Protein chains: 4
Amino acid sequence: MIKVGIVGGTGYTGVELLRILVNHPDVQLHVITSRSEEGMRVDEMFPNLRGHTDLQFSVPDAAVLGECDVVFFATPHGVAHALAEEILNTGARVIDLSADFRIQDVPTWEKWYGQPHGAPGILPQAVYGLPEVNRDAIREARLIAVPGCYPTSVQLGYIPLLEKGLLADQMLIADCKSGVSGAGRGAKVGSLLCETSESMSAYAVAGHRHLPEIRQGLSRAAGGKDVALTFVPHLTPMIRGIHSTLYAHLPDADISELQAMFEARYADEPFVDVMPLGSHPATRSVKGSNTCRLALHYHADTGQLIILSVIDNLVKGASGQAIQNMNIMFGLDEEAGLRQVALMP
Amino acid sequence: MIKVGIVGGTGYTGVELLRILVNHPDVQLHVITSRSEEGMRVDEMFPNLRGHTDLQFSVPDAAVLGECDVVFFATPHGVAHALAEEILNTGARVIDLSADFRIQDVPTWEKWYGQPHGAPGILPQAVYGLPEVNRDAIREARLIAVPGCYPTSVQLGYIPLLEKGLLADQMLIADCKSGVSGAGRGAKVGSLLCETSESMSAYAVAGHRHLPEIRQGLSRAAGGKDVALTFVPHLTPMIRGIHSTLYAHLPDADISELQAMFEARYADEPFVDVMPLGSHPATRSVKGSNTCRLALHYHADTGQLIILSVIDNLVKGASGQAIQNMNIMFGLDEEAGLRQVALMP
Amino acid sequence: MIKVGIVGGTGYTGVELLRILVNHPDVQLHVITSRSEEGMRVDEMFPNLRGHTDLQFSVPDAAVLGECDVVFFATPHGVAHALAEEILNTGARVIDLSADFRIQDVPTWEKWYGQPHGAPGILPQAVYGLPEVNRDAIREARLIAVPGCYPTSVQLGYIPLLEKGLLADQMLIADCKSGVSGAGRGAKVGSLLCETSESMSAYAVAGHRHLPEIRQGLSRAAGGKDVALTFVPHLTPMIRGIHSTLYAHLPDADISELQAMFEARYADEPFVDVMPLGSHPATRSVKGSNTCRLALHYHADTGQLIILSVIDNLVKGASGQAIQNMNIMFGLDEEAGLRQVALMP
Amino acid sequence: MIKVGIVGGTGYTGVELLRILVNHPDVQLHVITSRSEEGMRVDEMFPNLRGHTDLQFSVPDAAVLGECDVVFFATPHGVAHALAEEILNTGARVIDLSADFRIQDVPTWEKWYGQPHGAPGILPQAVYGLPEVNRDAIREARLIAVPGCYPTSVQLGYIPLLEKGLLADQMLIADCKSGVSGAGRGAKVGSLLCETSESMSAYAVAGHRHLPEIRQGLSRAAGGKDVALTFVPHLTPMIRGIHSTLYAHLPDADISELQAMFEARYADEPFVDVMPLGSHPATRSVKGSNTCRLALHYHADTGQLIILSVIDNLVKGASGQAIQNMNIMFGLDEEAGLRQVALMP
């Protein structure tokens, strides 16, 4: 059994880790921390867990966390930097769901997150935890940076093309729609039901923190070439789900070949589903599951390729992907604990 | 492995059976029928099942269904009557999620469902599949009538009191709120998002078909005494969930004793959770799970007891409970396939 | 033109006052206050008002407010007490949407609101602003306590019976369902979309602050007799609307007579709609309008009367009713500014 | 008073016409037709209209409709063709909310709508009812084709640029998100709450009927030049609202100039609101109102211009715009009946 600790378990990615881990066949939950809720039973805050765990929140303590085989960070950015290093020193491994280790370029991170990077020393050993790209490195990793939700959905949609050298020198456009859980469990007016329900709007059009992460990933797929991207996120009146509509201009393409290329690229991937050409994946088809579904459309008259990519932002976009990383790191069945079918309706 | 067939798999209880059964450790799905969708892959209609099953819908055929160990009916009322008998004759067992075998009194059934009863001959062997009441009979049953969604939530809330002889001679009031999935997947104007979202209303106040079923169950719990009940269902703007607010007048009661009585009554029940006194269970705490959560409140000044009861209408109120019955009938772990944690948020 | 001031315009009842008043033919908006948002344009916070007003929030100032003919308080409880008295002294009238002057019994108010009453001196002159009961007193009033949302919907449903001396000595039950806007625009975790959407739960079952207000109103209608009431509020996943399901036991009643009694009682009321017997009013039929719709149902076999009552909690349950009071106080057409049809769908 | 008739009043655009017209100061509702609901009171189907109209549905009769000054068609495509001509012959004017007269090229219409055009003879006199473009022609028109919902939001966003000769020879991308009411009030599985709520998906990516209409409008604005457009519509889990995210590549542009150009273009338009640079208009800010709000964003590093455009699809995208046309045609105040503030929250 893998002994697991969770730092910062009171947010949505925290409870989602718990939802999956309490039924994971190879995991034993050892400790979960929250400074503000010390002593409270986890299932008092999250009654869906009643009958599944007796854990209580405790104050984070590197020694206790160090008793674990692996520690998940489900914390706001900036928190994992210091503590992760301490925990790594005990020999435990770290899977960070925050943005703290996603961007390898320190100045870029500091510019977008508006604070000094707290752990540049260990940053080089952080592996970007997108299994479809980095599985081998994940296997050996001791520190994982779990990709963001938007970056996961956008990268999985574009990389089959970029890896083949297509899409050179064009402006890609990613029009992304996210459920409100992406904004977290913080008490903000902007996340109230009365502010978000029955409404649609773009936000952060001037620049969203996931943009540099996406560009870093796309450039890697393109063999290091810079990739120009316009990224517009939208707040959608639902709890879970990201729908990315990805545009690329590929005049005179053979869409059957592109479809075959996508199918081949993801043939062995347990959590990427390339749907039949012309499908319209709905976010509800992945609600609560770790799957990313992709579908291609092609307008022959204009040469426009449209890639539709859906994930559950809390699962493949966060906690499920984190556990997929754990499974790989510890040599477990990669699908262990992650076989749940999406809840539909 | 238990060989399973499903008749009528295109509705919400059908896809919910599939969602649970594809991950059930002891089940092999053998056949699923739909006259209208013959030949269509199940995962084409329900893309959440992609990667989980290769089944196609076929026309119902008693011989093929008879090869199963158990056949679930997820059909509108009136359909199971004839076919169930044929299947029982092959030796297979039947678990009917419709209303066809829930009411033992034929004239009552005919009055409320507006048609002749199609299988009065096998009705006496039908066991009402509420495990918390009938577990022993279920074990031996060959034909199960799975309780309705409202009846499950109301009965579990009242029976601890009725079994103790409390609540005699009073008018009970069950004010129940259901998500829209209770109305099924039929194309009806009244179930459109634009008709049901952002709105709350009562319906069928003059008389709902679940009333006689509830009264039958409450009377059994009261040792055969008639129980007077006012039942008002409401359509709530959400997909899943039933919240029953149950009223009973018990002047001078000792609420700690009542709480203890509930806890004792359900101490060994894997799917009934008696929450601490004064809790407010939310339907989302059971979304996608087979649990019924109960909580008691008492107004000492007026002698009013309020019992709050929540279930997921598609799980404990339908498909989950059906599978719980199957587990009991076949001597499996009663929780097999049903350990999913509710999806929250 | 009536010169109007608004104290505390940043919440939902504040913006709702503005939505109605900017199109009111007899009103000139003079000032709107908010300490926290001083200097901000109102339409910057509420873009639906762009093009309808140039007002800016200012710090509350009794002298400026005193220049108005009437000042609305759309503040949390406790705020209006002190300032209202100052404003009344300038000669302006006050319409308070908070709970500060709703309850005439000071100790009761202090018990439920957990603080000393700040204006017992002017409390006796406060008129409870339910036009259907107090129209004559409202006409002469200088200080109006606008009823709460639940109290409006419950009282309008029960008073035709209570005024006729029916319902004596029984326990009434009001099972009420409210949209989330009833919880206000405060940044609270419990009001987030991800906490309230796709879920139903009761809350404050142990005792809600609207209970004493409702009982005060029902007792007045009953000629001063105490009325026993069980009141259970529920949080419903929608923005606006209250649906009250009201129970009363009236064996051997003639439902046609009761229906006629309701129709007669409200025949001249512009904002109460008694629907045909057996109707199921939906909250969406009053969304954005000042109407309360009522419908009666009777179960002859059990003698149970069920009264369904729906309002928009922000209109007839708050700001619309406040403006209806203003219209009456100033001798305007009672419907002025309030003829909007509900937004459906 | 303008005498008004409505053909096909049982859908969402029909009830929305009624919602606005019952409070229009210059309108008298004369007749509303529905074959299927003949004899039913309009307010029985749409209870929000109780107290606002006594109209009943009647069978369409050209003679009765001919008594009107103007007849609105709120019918599915194909219905208005024949009847419109008859009505025009009586001297009444026609405002058609369907697609029947929107596209001037008959073969294009026939290709996209899959049936022969039923009224090519009167098509040339049809004026495309986008007041911001065609106000003078509308004034003289006897037959108006009210623009579609998507086309309204997309055209208003792009035309200030196209009219100035910008955007030449590039592929424009319109990523549009619509509420479910855009799919109408028909009983379709795909419009059920349980199918659309808590989900996001694209649809009709292969080609949506609004594409040729949008291209026709954009080409007119560009002085007749063909405009290449990729248009991807999405079904969004809300009742009302369209959010169009419009992309254009304009390297080295001066965003202040573009902003000024938009402000100048719409300075005199009562229903187009150019928000401050960098705003994020939300659809809820126009819910129930006839306003289109626009906002510009510019990424200087990539030369990408993003135009955000929101409308209420049932108001500015259908019934409100139809009434705006009527106001212009009859020399009324263009804003008559259309001053409602959006319902927020």
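Where is Asp252(A) placed in chain A? I began with this residue and found Asp252(A) in the loop between β11 (242–249) and α10 (255–265) of chain A. I looked up its backbone angle as well: phi of Asp252(A) is near 60 degrees, which is a positive value in a residue other than glycine. I note here that the model is a predicted one.

**Entry: cis peptide bonds**

I next looked for peptide bonds in the cis form. In chain A, I found one between Met344(A) and Pro345(A), with omega at about 10 degrees. I located Pro345(A) in the segment after α11 (315–329) of chain A. In chain D, I found that the bond from Met344(D) to Pro345(D) is cis, and its omega is near 5 degrees. Pro345(D) lies in the segment after α11 (315–329) of chain D.

**Entry: the sheet of chain D**

I turned to the strands of chain D. In what order do the seven strands of the open sheet stand? I read the order as β3-β2-β1-β4-β5-β7-β6 in chain D, and the pairing is parallel. I noted that β3 (57–58) and β6 (126–128) of chain D each have a single partner strand and stand at the edges, so one side of each has no neighbour in the sheet. As a general point, strands of a sheet pair through backbone hydrogen bonds, in either a parallel or an antiparallel way.

I then examined one pair within this sheet. Strand β4 (residues 70–73) and strand β5 (residues 93–96) of chain D pair in the parallel sense, over four bridges. I checked a position along the pair and found Val70(D) opposite Arg93(D) in β5(D).

**Entry: chain D and chain A, symmetry**

I recorded how these copies are related. In general, two copies of a chain are related by a rotation about an axis and a shift along it. For this pair, a rotation of 180 degrees with 0.0 Å of shift along its axis superposes chain D on chain A, with an RMSD of 0.0 Å. That is the relation of a two-fold axis. Which residue of chain D comes closest to the rotation axis? I found that it is Pro237(D), whose C-alpha is at 3.1 Å.

**Entry: chain D and chain A, interface**

I looked up the contact between the two chains, which takes 40 residues from chain D and 40 residues from chain A. The area buried between them is about 3500 Å², with 59% of it on carbon and sulfur atoms. In chain D, the residues that lose the most area to chain A are Glu198(D), Met200(D) and Arg284(D), together 18% of what that side buries. I also noted that 100% of the interface residues of chain D are interface residues in chain A too, so the copies meet through the same surface.

I then listed the polar features. There are four salt bridges across the interface of chain D and chain A. Arg284(D) forms a salt bridge with Glu195(A), and the closest N and O atoms are 2.6 Å apart. I recorded 26 residue pairs in polar contact between chain D and chain A, both residues being at pLDDT 80 or more. Several elements of chain D each supply at least two residues of the side that touches chain A, among them β8 (171–178), α8 (193–196) and β9 (201–202). By class, I found that this side of chain D has 19 nonpolar, 14 polar and seven charged residues.

**Entry: chain B and chain C**

I repeated the search for the other pair. A rotation of 180 degrees, with 0.0 Å of shift along its axis, superposes chain B on chain C at an RMSD of 0.0 Å. In chain B, I found Pro237(B) to have the C-alpha nearest the axis, 3.1 Å from it. The same surface serves both copies, as 100% of the contact residues of chain B recur in chain C.

How many residues of chain B are in contact with chain C? I found 40 residues of chain B in contact with 40 residues of chain C. The buried area is about 3500 Å², and carbon and sulfur atoms give 59% of it. I noted four salt bridges between chain B and chain C. In one of them, the side chains of Arg284(B) and Glu195(C) meet at 2.5 Å, N to O.

Technical notes
Residues are numbered from 1 along each chain as its sequence is written. Chains are lettered from A and ligands numbered from 1 in the order in which they are written. This is a predicted model: local features need pLDDT of at least 70, side-chain atom pairs count only at pLDDT 80 or more; totals for chains, interfaces and linings use all residues. Side-chain values use heavy atoms; hydrogens and water are left out. Contact means heavy atoms within 4.5 Å. Buried area is the accessible area (1.4 Å probe) that two parts lose on being put together, summed over both. Copies are superposed by least squares on the C-alpha atoms of residues with pLDDT of at least 70 in both. A polar contact is a pair of N or O atoms within 3.5 Å; within protein, one must be able to donate a hydrogen and the other to accept it, and residues adjacent in sequence count only if both atoms are side-chain atoms. Ala, Val, Leu, Ile, Met, Phe, Trp, Tyr, Cys and Pro count as nonpolar, Asp, Glu, Lys and Arg as charged, and the others, Gly among them, as polar. Two strands pair if DSSP finds at least two bridges between them.
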